[in-house]
Every structure is written in C-alpha cells, then in structure tokens.
Amino acid sequence: MSPETAFRHFHDQLGTLKQRLLTMSQKAESLVDLAVESLLTRDAAKAEAVIAGDPEVDDLELEIERLALELLALQQPMARDLRFIIGAIRVTSDLERVGDHGVNIAQ
C-alpha cells in the first residue's frame, strides 16, 4: 500500500469513527429527551421506545471502541489524532451511561 493510500485509509477510518460518535451522541440525547417526555406525559409507549432503543447505544459503544482500538493498534496515530481517538473511547462510556439514565427515567 502506498503512503498516500495508507494516509487516505487512516483518515477514512477516522472519519467513520467521528461519524459513529456523533450518531451515538444523538441517539443518547434523543433517548433522554424521549424518556423525560414519557415521564411528563405518562406515556408508556414512549417509555418502552426508550428501553427498546438502549441496546443500539450499547452496540454503538462497542463498535466505536473497536474502531478506536483498531486505529490505535494498526495505524499508530500521533498528536491530535491520538488525542481524538483516546477521547472518543472515554466519551463513549459516558454516552452509554447517558442512555442508561434515559432508560432509568423511562422505567
């Protein structure tokens, strides 16, 4: 693989990681919003939708961690990219907890 191809592949993978992290944050936020709405309106269907959506957040956490660890192991990123990847790993556990809090509210 040429250096240009390897560089492009790395940045494609990094872009995928960023996109999955954004998806996870949006999903966790929507779960909490829906959970609060279900509580305020006493809507059991919305509460059940929150509970049903939690496994998706859990799966995203595992996927993001896998992608991040792959990047660390195979690409040996430096400086800013390394900080972003490590930050992504740390943030995913917090986002997963946010999703869990949404489930707790819904329950």
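Start with the largest nonpolar core in this predicted model: it has 21 residues, and Leu14, Leu17, Met24, Val50, Leu71 and Ile85 touch the most other members. Helices H1 (3-41), H2 (44-75) and H3 (79-106) each chip in at least two residues to this core. That fits a general habit: in soluble globular proteins, nonpolar side chains tend to be buried together.

**A closer look at Leu71**
- Leaving aside residues up to four places away in sequence, Leu71 touches Phe10, Gln13, Leu14, Leu17, Gln76, Pro77 and Ile85.

**Two unusual backbone angles**
- Most residues other than glycine have a negative phi.
- Gln76 isn't a glycine, yet its phi is positive, at about 50 degrees.
- You'll find Gln76 in the loop between H2 and H3, and it counts as exposed because its relative accessibility is 60%, with the cut-off for exposed set at over 50%.
- Ala79 isn't a glycine either, and its phi is positive too, at about 45 degrees.
- Ala79 sits in helix H3 and counts as partly exposed, because its relative accessibility is 48%.

**The chain as a whole**
- The protein chain has three helices and zero strands, so to speak an α-α-α pattern when you read along the sequence.
- Its C-alpha atoms fill a box of roughly 60 × 20 × 15 Å along the principal axes.
- The radius of gyration is 17 Å, while a compact globule of 107 residues would come in near 13 Å.
- Of contacts between residues at least 6 apart in sequence, 80% join residues at least 24 apart.

**Surface and charge**
- Buried residues make up 30% of the 107 in the chain.
- The accessible surface is about 6,700 Å², and 57% of that belongs to carbon and sulfur atoms.
- The chain carries 11 positive and 19 negative charges, whose mean positions are 6 Å apart.

Conventions:
Residues numbered from 1 in each chain as written. Predicted model: local features only at pLDDT ≥ 70, side-chain atom pairs only at ≥ 80, totals over all residues. Heavy atoms only, no water. Core = buried A, V, L, I, M, F, W, Y, C linked by side-chain atoms within 4.5 Å. Buried < 20%, exposed > 50% of the residue type's maximum accessible area, 1.4 Å probe, protein only. Helix = DSSP H or I, 4+ residues; strand = E, 2+ residues; numbered from the N terminus. Contact = heavy atoms within 4.5 Å. Rg over C-alpha atoms; globule rule 2.2 N^0.38 Å. Areas by Shrake-Rupley, 256 points an atom, 1.4 Å probe, with all protein chains shown as cover. Lys, Arg positive; Asp, Glu negative; His and termini not counted. Charge placed at Lys NZ, Arg CZ, Asp CG, Glu CD.
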